[in-house]
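Please load the model in a viewer and keep the selection panel at hand. The tour below proceeds through charged pairs and then through cysteine links.

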Amino acid sequence: MYTVFFLAAVSASLIFGTFQQCCVPTQLQTFADGLISLSENRTGPSIRVHNETYDALKKRRAFQYYAVQKGENFNIIYDYKTNTSYKWTKEECVVSYAGQFIEYCFSGGKLVRKTFMGVYPDIIELETYLIPMYGQLYLITLGKNCTPVEVVQMDSKPSNNGETTMWIYYNMTIGIKDESVFIPPKMCFKNGSLARKPLKLPNHRPPALFGALHGN
């Protein structure tokens with residue numbers, strides 16, 4: 001007789017320790033589902049789904065956002081070597097500045113939980129860290145090689161105007177299999193696109209630990 005144990009993010013132990021810095025793989029592509037839950041004094045909650053490509057070797061990032069509620073699909077490319085960003089919807093593209101490249105690294109937190117998930121014997125070990133950053137608290141769950149699995153971002157001091165954001169990452173691959181995500185459409189090179197002006201996009205705020213807020 002065989003016994004199969006189903007293990008889905010079951011807490012194995014609660015361990016407090018010092019968190020050493022780790023950085024995500026230098027190149028990866030991943031999908032992410034985000035839930036932003038706002039306070040009772042603000043509108044919410046909202047759901048965001050996007051595909052992200054991260055390339056620390058060539059200092060570039062690309063995002064494809066998919067409409068889940070109100071709003072439409074849109075795309076963003078950041079080319080940090082040329083300090084150029086491309087943001088476009090179906091009708092319009094705006095070329096602006098990319099800003100400073102920020103590597104995806106985590107440090108200065110506490111290991112608060114060890115968990116595992118999967119179906120035995122295919123078990124994935126996970127570690128969750130509590131990290132204070134930017135005046136907020138982050139619960140970051142990481143898998144092998146510092147790959148992000150889940151990020152919860154919350155205000156360090158609860159208030160009526162606060163919010164909690166949770167991102168879940170999945171279908172992640174190491175390396176870049178689709179280079180086309182870094183190629184902006186032809187309309188981004190038409191006269192008027194190079195105005196270096198902001199393009200109004202639906203609310204799209206990934207965790208601040210993954211670089212600057214994408215709408216800025």
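Are Arg-60 and Asp-55 buried or exposed? In this predicted model, Arg-60 and Asp-55 are both buried.

**First stop: the charged network**

Select Asp-55 and Arg-60, which form a salt bridge with the closest N and O atoms 2.7 Å apart. The relative accessibility of Arg-60 is 12%, and since buried means under 20%, Arg-60 falls in that class.

Next, add Glu-179 to the selection: this residue forms a salt bridge with Arg-60, at 2.8 Å between the closest N and O atoms. The pair links distant parts of the chain, as Arg-60 belongs to strand S6 (residues 60–66) and Glu-179 to the segment after strand S15 (163–174), 119 residues apart. Glu-179 has a relative accessible area of 37% and is therefore partly exposed.

**Second stop: a pair across two strands**

Select Lys-114 and Glu-127, a salt bridge whose closest N and O atoms are 3.9 Å apart. Lys-114 is in strand S11 (residues 110–119) and Glu-127 in strand S12 (residues 122–133), with their positions 13 residues apart in the chain. Lys-114 is partly exposed at 32% relative accessibility, and Glu-127 is likewise partly exposed at 28%. Returning to the previous stop, salt bridges with shared partners join Asp-55, Arg-60 and Glu-179 into one network. The count of salt bridges comes to 3.

**Third stop: the disulfides**

The structure holds 3 disulfides. Begin with Cys-22 and Cys-146, whose sulfur atoms are 2.0 Å apart. Cys-22 is in strand S3 (residues 22–23) and Cys-146 in the loop between strand S13 (136–142) and S14, so this disulfide ties together parts that are 124 residues apart in sequence. Both Cys-22 and Cys-146 are buried. The link is right-handed, with 55° about the S-S bond.

Move to Cys-23, which a disulfide joins to Cys-105 with an S to S distance of 1.9 Å. This link is right-handed, with 100° about the S-S bond. Cys-23 lies in strand S3 and Cys-105 in strand S10 (residues 105–106), 82 residues apart. Cys-23 is partly exposed at 29% relative accessibility, as is Cys-105 at 21%.

Finally, select Cys-93 and Cys-188, a disulfide with its sulfur atoms 2.0 Å apart. Cys-93 is in strand S9 (residues 93–96) and Cys-188 in the segment after S15, 95 residues apart. Cys-93 is buried at 5% relative accessibility, and Cys-188 is buried at 0%.

What is the pairing when the bonded cysteines are numbered in sequence order? The pairing is 1-5, 2-4, 3-6.

Methods:
Residues numbered from 1 in each chain as written. Predicted model: local features only at pLDDT ≥ 70, side-chain atom pairs only at ≥ 80, totals over all residues. Heavy atoms only, no water. Salt bridge = Lys/Arg side-chain N within 4 Å of Asp/Glu carboxyl O. Buried < 20%, exposed > 50% of the residue type's maximum accessible area, 1.4 Å probe, protein only. Helix = DSSP H or I, 4+ residues; strand = E, 2+ residues; numbered from the N terminus. Disulfide = S-S within 2.5 Å.
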